[in-house]
Amino acid sequence: MLKWIGAVFLLLAGATAGYLESKKLHDRVTRLKNFCIFLDNAATEVSYEGMPVEEICMRHGKSLDFMPPFFAALKKGEPFPQAWKKAEASPVLCEEDRELLSQFGEGFGASDTQGQLNHCSLCGSLTKKTLLKAEEDEKKKGKLYRMLGLFGGAAAALLLC
């Protein structure tokens with residue numbers, strides 16, 4: 001009886017590990033979609049309001065899960081570029097996403113209105129390319145991770161029980 005309970009726990013552990021890896025892919029897609037929305041909103045604010053970049057980020061960055069370190073740094077009085085580096089260093093981001101954020105942070109707020117709009121447009125197109133790749137990875141690898149976890153747990157249960 002105890003063997004069967006152990007086998008079930010191994011199977012569940014494997015399935016959970018596969019699900020969690022698959023969820024990371026899904027979370028990345030969601031993060032990139034939210035960043036695309038943020039970029040669109042930022043371009044709109046720059047175009048129509050002429051709002052400072054800090055206020056734009058405070059207003060529209062609340063749905064981005066990598067922004068809390070940025071908000072904390074702004075509250076401490078750090079300038080935008082240094083505060084943005086804190087958002088880039090968030091542990092939820094992969095290296096490719098960090099590079100996108102770095103490119104955005106380096107140019108945002110560094111030029112006139114038209115330059116800002118062009119910068120937001122460029123970053124938006126780069127993010128959309130990355131988003132398409134991430135969605136493709138989620139479709140391909142998400143199911144693979146779930147199945148590998150499930151079958152890995154089953155194999156471990158069979159070998160150990």
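Let me begin with helix α5, whose 13 residues, at 1.5 Å a residue, should span 18 Å, and whose end C-alpha atoms lie 19 Å apart, which agrees. Please keep in mind throughout that this is a predicted model.

Staying with α5, the residues that are buried in this helix are Asp97, Leu100, Leu101, Ser102, Phe104, Gly105 and Gly107, and the elements against which these buried residues pack are α1, α4 (80-88) and α6 (113-160). Just after the helix comes Gly109, which takes a positive phi of about 85°.

Now to the packing of α5 on α1. Two packed helices are described by the angle between their axes and by the distance between those axes. For α1, residues 2-48, and α5, residues 95-107, the angle is about 10° and the axes are 12 Å apart; because angles under 35 degrees count as roughly parallel, α1 is roughly parallel to α5. On the α1 side the contact is made by Arg28, Arg31, Leu32, Phe35, Phe38 and Leu39, while α5 contributes Glu96, Asp97, Leu100, Leu101 and Phe104. Sorted by character, the residues of this contact divide into seven nonpolar and four charged, with no polar ones.

Let me turn, finally, to helix α2, residues 53-60, in which the buried residues are Val53, Ile56, Cys57 and His60. Where do these buried residues fall when seen down the axis of α2? They fall within an arc of 95°, so they line one face of the helix. As a general reminder, an α-helix has 3.6 residues a turn, so residues three or four places apart point the same way. What covers the buried residues of α2 includes α1, α3 (68-75) and α4.

Conventions. Residues numbered from 1 in each chain as written. Predicted model: local features only at pLDDT ≥ 70, side-chain atom pairs only at ≥ 80, totals over all residues. Heavy atoms only, no water. Axes fitted to C-alpha atoms, helices over the stretch in contact; angles between N-to-C directions. Helix = DSSP H or I, 4+ residues; strand = E, 2+ residues; numbered from the N terminus. Parallel < 35°, antiparallel > 145°, perpendicular 65-115°, else oblique. Contact = heavy atoms within 4.5 Å. Nonpolar A, V, L, I, M, F, W, Y, C, P; charged D, E, K, R; others polar. Expected span 1.5 Å × (residues − 1). Buried < 20%, exposed > 50% of the residue type's maximum accessible area, 1.4 Å probe, protein only. Arc of directions from axis to C-beta.
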